[in-house]
Every structure is written in C-alpha cells, then in structure tokens.
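Me: Hi! Could you walk me through this structure with a few questions and answers?

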Amino acid sequence: MSTPLAHQHALLTGAGGGIGAAVARAFATAGAKCTVVDIGASASKDVQQLMADFPNAIQYIACDVTDTKAIKPMVAQAASTFGPIHTLFNNAAIFDMAPLLESNEAMYDKIFSVNVKGAFFVMQAVLQHMVDSGTRGAVVNMASQAGRRGEALVSHYCASKAAIVSYTQSAALAMAPHHIRVNGISPGVIDTPMWASVDALFAKYENLPIGEKKKQVGLAVPLGYMGSPQDICGAAVFLASPEASYITAQTLNVDGGNVMS
Ligand SMILES: NC(=O)c1ccc[n+]([C@@H]2O[C@H](COP(=O)([O-])OP(=O)(O)OC[C@H]3O[C@@H](n4cnc5c(N)ncnc54)[C@H](O)[C@@H]3O)[C@@H](O)[C@H]2O)c1
C-alpha cells in the first residue's frame, strides 16, 4: 500500500463529516496521524469510526474556528499528542444564500466569520507553528467553484471563497522562504450534508421541488454527475505529499470540468 504521508501529522478542520471526514480517512490511509477538528463537543459517528479503524492515529479536538482565542491552544494540543504538524487541511465552512438585495449584515457576518476569519486565523496559527518547529509543511485550503465566479443568490459565500483563493496566494508567497507550500482545492458540486441545505435554499428562492437543484447541478457537470467526498481525496493527498514539492500558490479545480482556469 502506498503511504505518501507516512510519519506525518495532519490537522483537518471541519472534519466531523462530509469532505473533511473523507479526507481524514484518506490521510490516515496514506500513513498520517490525524487531528480531526470540528465544532461539536464530541466526535461525530464518522470520526468515531475513523478512530476505530486507525487506532492511536486519530485524535478529536472540539474547536469553533470563529473563536480566535481557542485556535492557538487547539494547535498546541494537537502537537502535544502527535508532534509537529506537517499538513493543514483548512476545510471548515458554512453555506447560506439570499437574493443580494435581501441579504443582511447578520448573514454576511456569519459566513465571513467562519469561512474567512476562521480559515485565515487557523492557517496563520498553523503556519506560525510550522515556522517555529522548522516543519517544511503544506497547507491545503478549501475554496470552491463559487470563489471563481459570482452568483446572484450566493454573493457572500462566493466572496468568502474568492478570499480563500487570494489568501492561498499571499500565504504561499509569505511562506516560500520557509519551504512551506500553500495550495487550495476548488471543488465543484460534491454530495455532502452541506448540500441538503443548499438544495433547500435553492428550492425556496428558485421555486423548485426539493431535490431538483441537486439533480440539475449534477447533470450540468461535464463529467455528468455530482462528485462524492472521495473525489476530493486524491487531490488532497497529492497536494499534502512530497509528490507536490514544486507546487505552491495554486488552487486546483476538482469539479468534473465545471471551471476551466
Ligand atoms: N459540498 C460541496 O458541493 C462543496 C463545493 C465547494 C466547496 N465546498 C467546500 O468544502 C468544504 C467542506 O464542505 P462539505 O460539503 O463537506 O460541508 P459540510 O457542511 O458537510 O462540512 C463542513 C464541516 O465544517 C464544520 N464547521 C462549520 N462551522 C464550523 C466552525 N465554526 N468551527 C469548526 N467547524 C465548523 C461543520 O460542523 C461540518 O462538519 C467547505 O469549505 C465547503 O465550503 C463544498
């Protein structure tokens, strides 16, 4: 079995379910010890299964990434169990939408506090830890196809993901002298728990039956179907691994052909 992440420690946020949990499983399969971070007080069923499947290789830490005071202690706790962190999979995010003229400050604040502020300060804390510990690590930030192009109903989420593409570039340049690589993944439409609320919101604003938007977006993908969380894992393992040693500042589209950039 190929273990490109052997002897590594990966920290993954928003990894209690969906894409994050699938990538944690892929990282563990690739040989990494994983610190799984999510907002829930205790480990989700997916994480409990992961702990059972990879004994002594998974720890769960509850942390709300919007609580900036909690971030550094969370990083220190992660490192005290599994040693220096080599990879950050910076994934926690939320979705919401409304017609632009109806969207309000509360929606803006909520989306930006998790998707931008939380993601930035988690990345900053882990980068500081990597610099201090001399780890030539890698960061993989989760962007979105929504960050490549605006949408009338989805302005704040789209803007939050465009910010991730930009922070990925800035952080890559800032960290290049430390030999720390910073890249992003820009998924298309991936069938995760997040899509239940995405579909329900589109149903409300586009007057569609429940399930219709999800069906439409899957059929519109050039490869012809909605992705699964596993479809993100190959790119995530690759970008975290030494195989990607000359790649930094890039955000890779993993979207069945939806975006060409
Ligand atoms: N599913 C898609 O179609 C899709 C498409 C493009 C990008 N993405 C991005 O991929 C990533 C994963 O999405 P997903 O579909 O697996 O979503 P998901 O909702 O299934 O998982 C997101 C996780 O983040 C956690 N989280 C939310 N707020 C948090 C907070 N404040 N602190 C800590 N954890 C928090 C949630 O508890 C959840 O476990 C996100 O960054 C998302 O924006 C998803």
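Me: In strand E2, which residue is the bridge partner of His9?

Reply: Before we start, this is a predicted model, where local features need pLDDT of at least 70, side-chain atom pairs count only at pLDDT 80 or more, and totals for chains, interfaces and linings use all residues. Residues are numbered from 1 along each chain as its sequence is written. Strands E1 (residues 9–13) and E2 (residues 33–38) pair in the parallel sense over five bridges; strands are DSSP runs of E with at least two residues, helices are runs of H or I with at least four, and both are numbered from the N terminus, while pairing takes at least two DSSP bridges. In E2, the partner of His9 is Lys33.

Me: Is E1 largely enclosed or not, and why?

Reply: A residue is buried if 20 or more other C-beta atoms lie within 10 Å of its own, exposed if 12 or fewer, and partly exposed in between, with C-beta atoms placed from the backbone. In a regular strand the side chains alternate between the two faces of the sheet. Here His9, Leu11 and Thr13 are buried on one side of E1, and Ala10 and Leu12 on the other. Five of the five residues are buried, so E1 is largely enclosed by the rest of the structure.

Me: Which helix gives the most to the shell around the ligand?

Reply: Helices H1 (18–29), H4 and H6 (194–206) each supply at least two residues of that shell. With three residues, the helix that gives the most is H1.
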